[in-house]
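Me: Please take a close look at a single part of this model and describe it in one connected account. I should like to know how that part is built and how far its coordinates may be trusted.

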Amino acid sequence: METTKNISDKPAKELPACPVETTLTLISDKWKVLILRDLLPGTKRFGELKRSIGHVTQKVLTAQLRQMEESGLITRTVYPEVPPHVEYTLTELGYSLKPILDAMKDWGEHYQAQNSQ
């Protein structure tokens, strides 16, 4: 049976001392932030995520999803069907990043408004 590694399972010495750096370590890639954004409304299948994110390759998206699962931000559910049916959902830990993403959205909207004049 495969076990999922959770960030809380890591000894503290493996995490950066700075809390901001810890957060950036978990969501530093632009694809991870977009994955989080697209999973906030609810569960999605791999193909739905790939379409909603845009120009990400299948290989990169798969790698990012695996890293996020190992970090405890998302769960991956495989349904034994043909063809395989796989769904991704934010964990409680992943969903706790919503205020950060909301703040990024607000800041981005403000920046866009100031620079489009």
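**The hairpin and the core**

Reply: In this predicted model, Arg 76 stands opposite Tyr 88 of strand β3. The pairing to which these residues belong is between β2, residues 74-79, and β3; the two strands run antiparallel and are joined by 6 bridges. The connection from β2 to β3 is a hairpin of 5 residues. Pro 83 lies in that loop, and the peptide bond leading to Pro 83 from Val 82 is cis, with omega near -5 degrees. By way of background, most peptide bonds are trans.

Tyr 88 also links the hairpin to other parts of the chain. Leaving aside residues up to four places away in sequence, Tyr 88 touches Ile 74, Thr 75 and Arg 76, and its further contacts include Leu 39, Thr 43, Lys 44, Phe 46, Leu 49 and Leu 65. Together with Leu 61 and Leu 65, Tyr 88 is among the residues with the most contacts inside the largest nonpolar core, a set of 21 residues. The elements giving two or more residues to this core are β3 (85-90) and the helices α1 (19-27), α2 (30-39), α3 (46-53) and α4 (58-70). The largest share, 5 residues, is that of α2.

As to confidence, the protein chain has an average pLDDT of 88, and 89% of the residues score at least 70. Over residues 1-8, however, the pLDDT is below 50, and this stretch makes 15 contacts in the model beyond near neighbours in sequence. Where pLDDT is low, predicted coordinates should not be read in detail.

Notes: Residues are numbered from 1 along each chain as its sequence is written. This is a predicted model: local features need pLDDT of at least 70, side-chain atom pairs count only at pLDDT 80 or more; totals for chains, interfaces and linings use all residues. Side-chain values use heavy atoms; hydrogens and water are left out. A nonpolar core is a set of buried Ala, Val, Leu, Ile, Met, Phe, Trp, Tyr and Cys residues joined through side-chain atoms within 4.5 Å. Buried means under 20% relative accessible area, exposed over 50%, partly exposed in between (1.4 Å probe, protein chains only). Helices (H or I, at least four residues) and strands (E, at least two) are DSSP runs, numbered from the N terminus. Contact means heavy atoms within 4.5 Å. Two strands pair if DSSP finds at least two bridges between them. pLDDT is the predictor's confidence in each residue, from 0 to 100.
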